[in-house]
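Here is a protein to explore together, one question at a time. Take a look at it first, and then we can talk about its hollows and its sheet.

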Amino acid sequence: MTTLLEGIEQQVVHTDRLRASVLRHGGAGRPVVLAHGNVSSSSFFQPLMLALPRPTVAIDLRGYGDSEALPVDATRGLRDFADDVASVLDAMGVADAHLLGWSMGGGVVMQLMLDRPDLIRSVTLMAPVPPQGFGTKLDGSLCTPDGAGTGGLAANPDFIARLAAGDTTDDEPTSPRSVFRSSYVAPGFSDEHEDLWVESMLSTRTGEGNQPGDGTASDAWPGFAAGGRGVLNTMSGVHLDLTGIVDLERKPAILWIRGAHDAIVGDESFFDLNTLGKHGIVPGWPGEEAAPPQPMVSQTRAVLDEYAAKGGWYQEVVFEHAGHSPHLEDPERFRQLLLAHVTAND
């Protein structure tokens with residue numbers, strides 16, 4: 001069970017889709033709904049929830065935290081997760097809320113913008129997955145038709161094994177605690193809640209239907225491509241395209257927050273196989289033309305620029321000393337920005 005900070009309440013919500021664990025804080029008013037990222041859970045939001053002077057709702061996605069470990073149909077992109085979130089909010093009677101999505105959760109929020117615009121008053125994207133999915137070029141086109149180098153087979157098998165084993169040590173670079181320190185936050189960051197963050201990471205269910213998912217063989221380098229089941233395949237460009245947000249009739253205001261030292265979402269991220277190939281870490285790289293490092297930040301900016309050009313509004317804010325988790329690394333600045341954004345769009 002999730003370790004709760006004082007003041008956070010947990011409840012189980014049953015819908016026609018799943019049994020979901022929800023963390024709540026605060027009373028009446030239009031809530032802020034929080035969607036977490038991959039290899040995490042709603043626990044990562046607890047300090048933020050306590051700091052906000054308005055109601056907050058954080059939902060554990062399927063296969064994370066204390067929610068039901070249902071399999072993920074990756075051929076629907078992130079829709080399994082988005083439909084789950086919508087079903088929970090409907091069951092709770094929550095509508096017209098402010099939505100915040102972190103990393104993969106940012107993609108879930110963008111999917112909700114497309115499928116359930118009635119739920120959304122404003123949007124905050126923190127280090128979001130690129131709107132075109134992984135394995136794509138700046139213009140959103142796939143590097144290979146099958147999404148070579150993306151999906152479940154791209155995960156480090158030792159990291160997955162340590163997740164499954166509940167490894168809490170920092171003995172190896174692939175242990176969840178070591179990965180948190182090296183990739184979730186900027187170098188040198190530490191706080192009193194690290195055990196809670198590791199607990200949250202270890203709540204991730206593993207297997208072909210969940211994390212990381214399956215894969216298929218590919219004739220293109222590095223020899224595998226996206227499959228149809230499990231988490232990492234949902235974010236392959238073969239299955240995911242969120243660029244339709246630019247054509248929404250009603251465009252909620254978007255606050256985009258990212259860390260300058262984000263090791264996971266960047267224009268040359270070492271979580272991208274093409275970047276690893278370019279730097280000689282994965283052998284046989286076929287070169288920039290065939291397998292360019294993915295410009296994840298530039299892709300998001302290009303889509304949001306078009307969003308603004310078509311009548312929407314967004315603001316990009318860079319936390320110069322943060323990594324993938326600005327809400328943990330500079331919590332007071334993050335709180336002020338988020339609160340100002342939701343208040344302005346209430």
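Q: Which class, nonpolar, polar or charged, has 25 residues in the lining of the largest pocket?
A: First, a word on the model: it is predicted, so local features need pLDDT of at least 70 and side-chain atom pairs count only at pLDDT 80 or more, while totals for chains, interfaces and linings use all residues. Residues are numbered from 1 along each chain as its sequence is written, and side-chain values use heavy atoms, leaving out hydrogens and water. A pocket is an open set of points on a 1 Å grid over the protein atoms alone, with protein on both sides within 12 Å along at least five of seven lines, and lining residues have an atom within 4 Å of a point. Ala, Val, Leu, Ile, Met, Phe, Trp, Tyr, Cys and Pro count as nonpolar, Asp, Glu, Lys and Arg as charged, and the others, Gly among them, as polar; here 17 lining residues are polar and 1 is charged, and the class with 25 is nonpolar.

Q: Which helix gives the largest share of the lining of the largest pocket?
A: Helices are DSSP runs of H or I with at least four residues, strands are runs of E with at least two, and both are numbered from the N terminus. Helix 4 (157–165), helix 5 (176–184) and helix 8 (273–278) each supply at least two lining residues. The largest share, 4 residues, comes from helix 5.

Q: What is the volume of the largest pocket?
A: Its lining has 43 residues, and Ala154, Ala155, Ile264, Phe270 and Phe271 lie nearest the centre. A volume is the space filled by probe spheres set on grid points, which are joined across faces, edges and corners. For the largest pocket this comes to about 1100 Å³.

Q: Which helix gives the most to the lining of the second largest pocket?
A: This pocket holds about 160 Å³ of space. Helix 1 (46–51), helix 10 (326–329) and helix 11 (331–344) are the elements that give two or more residues to its lining. With 3 residues, the one that gives the most is helix 1.

Q: Which strands are the edge strands of the open sheet?
A: Two strands pair if DSSP finds at least two bridges between them. The open sheet has 8 strands in the order 1-2-4-3-5-6-11-12, with mixed pairing. Two of them pair on one side only: strand 1 (9–14) and strand 12 (314–319).

Q: What is the bridge partner of glutamine 10 in strand 2?
A: Strand 1 and strand 2 (residues 19–25) run antiparallel and are joined by 6 bridges. In strand 2, glutamine 10 has as its bridge partner leucine 23.

Terms used. On a 1 Å grid over the protein atoms alone, a cavity is a set of points where a 1.4 Å probe fits but cannot get out, and a pocket is an open set with protein on both sides within 12 Å along at least five of seven lines; lining residues have an atom within 4 Å of a point.
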